[in-house]
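Here are some notes for a colleague who is opening this entry without having seen it before. Please keep the sequence and the structure at hand while reading.

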Amino acid sequence: QPHVYSKQTRRYHLAGMLCEMMANLNKMVPDEKRKDINHNRAIVITRSFLELVNADDGSHRSVCYYADRLCYSPKYLSFIIKTVTGKTPLQIINEHAIKQIKVKLRYTDISMKELADLFDFPNPSFFGKFVKMHTNMSPMQYRQSKEEV
């Protein structure tokens, strides 16, 4: 006589058999191939991340934002990006943002308040600190300098 849980029991037995089959198939794949597959996946993830960063205007400076867009945890994305590029995602994001900011400072007359709003800083003070930290100059000093972007 089938009992109340017979359907679930069959389902779990089938799932268990499939897991055993996958484990046996996995053993047949050489370690070198598995490493290549993982390495290729890491490169694809890194490329997707870099494309997203380059498509952004510099206003998103959070690893969480990009991790959400790529459907990975921030910790996993950080691990993959650091492994492939040798840089943290935040370093890459900030480098891109500062390039965008330098272009706006160099080639426009937009006020610091408008630039802070454009790049989604909470206020001009944070904007100024960010620019100074990455260029060793205040935004106004950078604007007036002859340094190339």
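The numbered points below take up a surface patch, the aromatic pairs and two charges placed over rings.

1. Before anything else, please bear in mind that this is a predicted model, and that every value in the points below was computed from it.

2. On the surface, Leu14, Met17, Leu18 and Met21 together make up a nonpolar patch, whose accessible area amounts to about 410 Å². One of these residues, Met17, belongs to helix 1 (residues 6-28), and because its relative accessibility is 52%, where exposed begins over 50%, Met17 counts as exposed.

3. The aromatic pairs in the model number five. In one of them, the ring centres of Phe49 and Tyr66 are 5.6 Å apart and the planes stand at 80 degrees, so this pair is edge-to-face. The pair joins distant parts of the chain, since Phe49 is in helix 2 (residues 31-55) and Tyr66 in helix 3 (residues 63-70), with their positions 17 residues apart. Phe49 and Tyr66 are both buried.

4. The rings of Tyr65 and Tyr66 are likewise edge-to-face, because their planes meet at 90 degrees with the centres 5.0 Å apart. Tyr65 counts as partly exposed at 24% relative accessibility, whereas Tyr66, at 1%, counts as buried. Taken together, Phe49, Tyr65 and Tyr66 form one aromatic cluster.

5. Two further contacts set a charge over a ring. The charged end of Arg61 is placed over the ring of Phe130, 5.6 Å from the ring's centre, while Arg106 lies over the face of Tyr142, with 4.9 Å to the ring centre.

Conventions: Residues numbered from 1 in each chain as written. Predicted model: local features only at pLDDT ≥ 70, side-chain atom pairs only at ≥ 80, totals over all residues. Heavy atoms only, no water. Patch = residues over 30% accessible without salt bridge, like charges linked within 9 Å, V, L, I, M, F, W, Y side chains within 5 Å. Areas by Shrake-Rupley, 256 points an atom, 1.4 Å probe, with all protein chains shown as cover. Salt bridge = Lys/Arg side-chain N within 4 Å of Asp/Glu carboxyl O. Helix = DSSP H or I, 4+ residues; strand = E, 2+ residues; numbered from the N terminus. Buried < 20%, exposed > 50% of the residue type's maximum accessible area, 1.4 Å probe, protein only. Phe/Tyr/Trp six-rings, centres within 6.5 Å; stacked < 30°, edge-to-face > 60°. Lys NZ or Arg CZ within 6 Å of the ring centre and 35° of its normal.
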